Amino acid sequence: MCGIVSLVYKDENPSMGKEAEALLKRLEYRGYDSTGASFIGKDKRITLRKQVGAPSKVCPLLNIPSFSGQRFIGQVRWATYGAVTDVNSQPHHVRCKVELVGAHNGNISNTDTLKAWLTARGHAVVSDNDGEIIVHLIEEQYAAAQSLASSELAHLRKAYANAGIIEGVPDGVLRMIEAIRKAESLAEGSYAAAVADPQLPGVFAIKSGSSLYAGMGSDSYGDFIVLSSDLTSVLSKTRALIPLSEGEGIWFTDRQYLIFSLQGQPFFSHPRLKRSKLSIKDTQLSPEYQHYMEQEISSSPNNINQVLRYYFRDPSIESLAELFEERKDDCKETADKIASLSERFGSEALISGMREVFDSSAWNEVEARVQNAGAAHFVGLDFISDEAELLKELAALDPLSRDRLLLMDKVIVWRKRRAVLRYTGELKNAIHEASHSGGRIYLVASGTSYHAALTAAFFFNEMAHIPVYPCNPGIFRSMYFNCLSSNDLIIGISQSGETKDLVDIFQDVKKASPSVRLVSIVNNENSRIPQELSDFYLPLLCGPEIAVAATKSFTSQIAILYLIAASFSMPEQRIRDNLLKAKDLMTETIETRMGDIETVAAHLFAAPSIHILGTGLIGLAREGALKIREVVLNHTEGYDAAEFKHGPNTILGRNTILSLADIEKLVGTEPIRGIGNELFEKLTNNYPLVFICPPEERDRRITISQIHTHKIRGADIVLIAEPQQELALAVEGKPMGAESYWSKYIPLPPSGDPCLFVFSATIVLQYLAYRMSVRKMEWLDSLGIQNHGVHPDAPKNVSKSITVD
């Protein structure tokens with residue numbers, strides 16, 4: 001939620017405004033309630049421009065691209081504290097005691113208390129925004145630090161000297177660091193922040209419970225350091241990252257940077273730069289797609305390849321893997337050495353480092369074994385490992401080493417596969433032990449990941465015959481937390497690995513029940529949950545996801561949860577074959593069912609309310625409903641099909657979904673009283689029900705019964721199911737006297753397997769939400785409606801990663 005960004009050059013950059021606009025637009029998916037940009041020039045004057053609205057609209061409106069500057073701090077806001085107004089927009093420019101400008105993302109949960117405390121100390125807090133509170137808090141402490149005697153900063157100077165950093169640091173920088181550390185001790189919450197004193201060089205930033213990345217580079221305007229809440233915006237400028245951990249702050253200029261601790265004993269460091277394993281092309285929109293959401297849904301089948309690559313042994317290269325296993329210590333050593341080259345910059349340094357690796361006895365032993373065994377032909381034609389970008393760079397510098405680098409690529413894949421297989425085995429054993437010792441297995445997750453957990457419970461019931469308990473953090477805390485036993489197992493599922501409510505659950509369990517094992521399934525492997533809070537983790541391997549609505553990450557989640565559940569009843573080869581079949585089912589769905597999906601999208605995109613009914617597939621129904629709510633902004637509920645008749649079916653037929661009160665505001669009471677019933681009849685439509693029916697006989701009978709029960713009461717029917725004549729007849733049959741009845745059957749590629757059906761049905765629901773969003777957005781735009789918030793990549797009010805309570 002929200003996003004901050006900062007950029008510093010040595011000299012005045014006449015294109016700083018254009019740089020700012022580009023960086024802010026990359027953060028648009030994190031916040032679009034308001035946008036702000038502050039510039040500090042060589043003259044040390046602050047210029048601030050901010051306004052309600054998304055970066056794509058505000059930047060041109062405020063002419064942000066026209067500004068120049070030497071330093072920039074910007075923010076995109078997803079409002080929590082304070083209404084969506086210009087004054088609550090960030091950054092905040094304060095000058096009650098000293099002049100500062102700054103912005104934050106996250107939440108300061110004791111904002112109200114701090115606001116009163118700061119006001120009593122003479123601060124004019126002009127907004128309701130917690131971002132202003134953190135800037136004033138630093139201002140208060142920084143003003144106090146100005147009067148500190150040199151001896152009172154001795155502890156900082158000693159820590160700096162102990163760090164062995166050759167470069168000096170200005171006295172004012174230490175005073176600001178002292179102020180930030182004291183402010184951090186007073187602020188409660190999870191946040192990241194950036195702040196600058198125009199009289200001091202550089203910018204200061206804080207990583208306290210929220211994501212923050214920094215990188216160094218050079219362009220036509222000179223050297224720079226860029227900082228952002230989002231890795232992709234840093235990658236748009238450089239792949240040379242400055243390692244920054246939770247609980248640390250950073251001071252940076254165009255080339256100089258200093259890491260410092262926020263709490264406890266002060267320490268300083270100057271870590272070596274490290275290349276990102278990702279490049280900007282990993283986050284770019286391909287020309288064949290209109291939106292990231294469409295691109296990410298389309299990539300889901302191919303993401304199964306990554307799951308197959310790392311979660312299964314590959315029989316076609318088993319002999320090569322055996323050779324690596326025989327020389328595992330040599331392979332690990334050389335893989336580590338190659339990975340360490342990510343900290344070297346410059347062609348000569350890279351080439352010399354690569355040659356050091358290839359000249360080592362460890363690598364020579366590996367190459368010799370491969371050559372002697374005639375296994376060199378297993379080496380691929382392209383780089384596919386996590387270090388692919390680094391290896392490509394090395395191959396470009398020394399083309400003659402390409403074959404050796406391709407072999408190294410295989411070593412790196414083998415090593416990661418080895419770890420993934422080991423931890424997958426550990427998770428299976430932990431599930432088995434918990435189940436057989438009377439413990440419970442909890443799947444804890446939020447949003448889309450929670451729906452993946454619900455779907456996993458379906459898989460475990462169908463294939464493993466092991467009960468699991470899917471719950472979101474609120475359900476877990478209120479229903480299960482005080483009932484934990486030492487035999488229990490908690491599996492956290494998260495795309496970002498930094499979801500605040502899941503972080504809190506893991507932390508609380510560690511304190512209250514330290515014997516309970518904590519495992520996570522995550523996409524961002526370098527995030528807090530897998531690296532700091534889990535006993536071990538399994539990776540989703542689906543790459544960066546830019547659209548706010550999770551799609552490909554959900555598909556990867558259910559693929560990994562499927563293989564874990566299936567492992568309790570199927571041999572490995574059959575599971576592998578089934579996942580390949582799932583990939584084919586998804587691909588065929590994309591290639592052959594788009595016309596049917598488009599027909600349904602055209603009929604439903606303006607429907608004010610919809611129910612998606614899953615027969616036995618409540619997780620999938622709820623996920624489909626969430627996707628429509630997120631990107632179409634139509635009220636949509638996900639329900640169990642049979643449960644719908646127990647009350648929610650009152651919405652069928654004549655209902656008051658359309659607000660007569662709003663119509664009354666437009667035309668007055670008397671006109672409505674005269675034509676009320678006639679108007680009501682014209683405005684009332686059949687209510688849309690979307691059924692999801694897996695290929696199982698009992699589920700078919702339930703679905704057919706529910707379709708007949710509800711269509712006679714005023715429902716339009718959409719059915720997502722594999723081809724079956726009785727289902728088709730139930731959908732198509734028009735009730736007597738119901739001339740307005742509308743229906744559509746979307747027949748999915750046959751699988752005959754309720755669990756594999758989930759994969760193709762997922763694709764239909766995701767594409768349906770996407771096409772409804774595009775149609776509604778275009779329709780609202782054509783009517784000239786402003787700020788409607790409908791967009792498939794960045795809909796209003798939602799954020800990619802929720803890092804606040």
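These legends describe several close-up views of a predicted model.

Local features need pLDDT of at least 70, side-chain atom pairs count only at pLDDT 80 or more, and totals for chains, interfaces and linings use all residues. Residues are numbered from 1 along each chain as its sequence is written, and side-chain values use heavy atoms, with hydrogens and water left out.

**View 1. The whole chain, with 28 helices and 25 strands.**
Helices (H or I, at least four residues) and strands (E, at least two) are DSSP runs, numbered from the N terminus. The radius of gyration is 29 Å, close to the 28 Å from the globule rule for 805 residues, so the chain is as compact as a globular protein of that length. That radius is taken over C-alpha atoms, and the rule is 2.2 Å times the number of residues to the power 0.38. The C-alpha trace spans about 90 × 85 × 50 Å along its principal axes. Of the 805 residues, 59% are buried. Buried means under 20% relative accessible area, exposed over 50%, and partly exposed in between (1.4 Å probe, protein chains only).

**View 2. Strand 10 and its two named partners, strand 1 and strand 9.**
Strand 10 covers residues 222-228 and is mostly covered, with five of its seven residues buried. Two strands pair if DSSP finds at least two bridges between them. Strand 1 (residues 3-13) pairs with strand 10 in the antiparallel sense over five bridges. Here L7 stands opposite V226. Strand 9 (residues 213-219) also runs antiparallel to strand 10, joined by seven bridges. Y213 faces S228 across that pairing. A hairpin of two residues links strand 9 to strand 10.

**View 3. L231 in helix 7.**
L231 lies in helix 7, residues 231-235. Neighbours within four places in sequence aside, L231 is in contact with Y213, L241 and L278. Contact means heavy atoms within 4.5 Å. F536 is 305 residues from L231 in sequence and 24 Å away in space, C-alpha to C-alpha. Across the chain, 73% of contacts between residues at least 6 apart in sequence join residues at least 24 apart.

**View 4. An open sheet of seven strands.**
The order is 5-6-7-8-12-13-14, and the pairing is antiparallel. Strand 5 (92-94) and strand 14 (268-269) stand at the edges with a single partner strand each, so one side of each has no neighbour in the sheet. Strands 12 (residues 248-252) and 13 (residues 257-261) pair over five bridges in the antiparallel sense. In that pair, W251 has L258 of strand 13 as its bridge partner. Strands of a sheet pair through backbone hydrogen bonds, either parallel or antiparallel.

**View 5. The cis peptide bond between Q90 and P91.**
Omega is about 5° at this bond. P91 sits in the loop between strand 4 (69-77) and strand 5.

**View 6. Positive phi at H465 and at L633.**
H465 has phi near 55°, a positive value in a residue other than glycine. Its loop runs between helix 16 (447-464) and strand 17 (469-471). H465 is exposed, with a relative accessible area of 63%. L633 has phi near 65°, again positive in a residue other than glycine. The loop of L633 lies between helix 23 (618-632) and strand 22 (635-640). L633 is partly exposed, at a relative accessible area of 27%.
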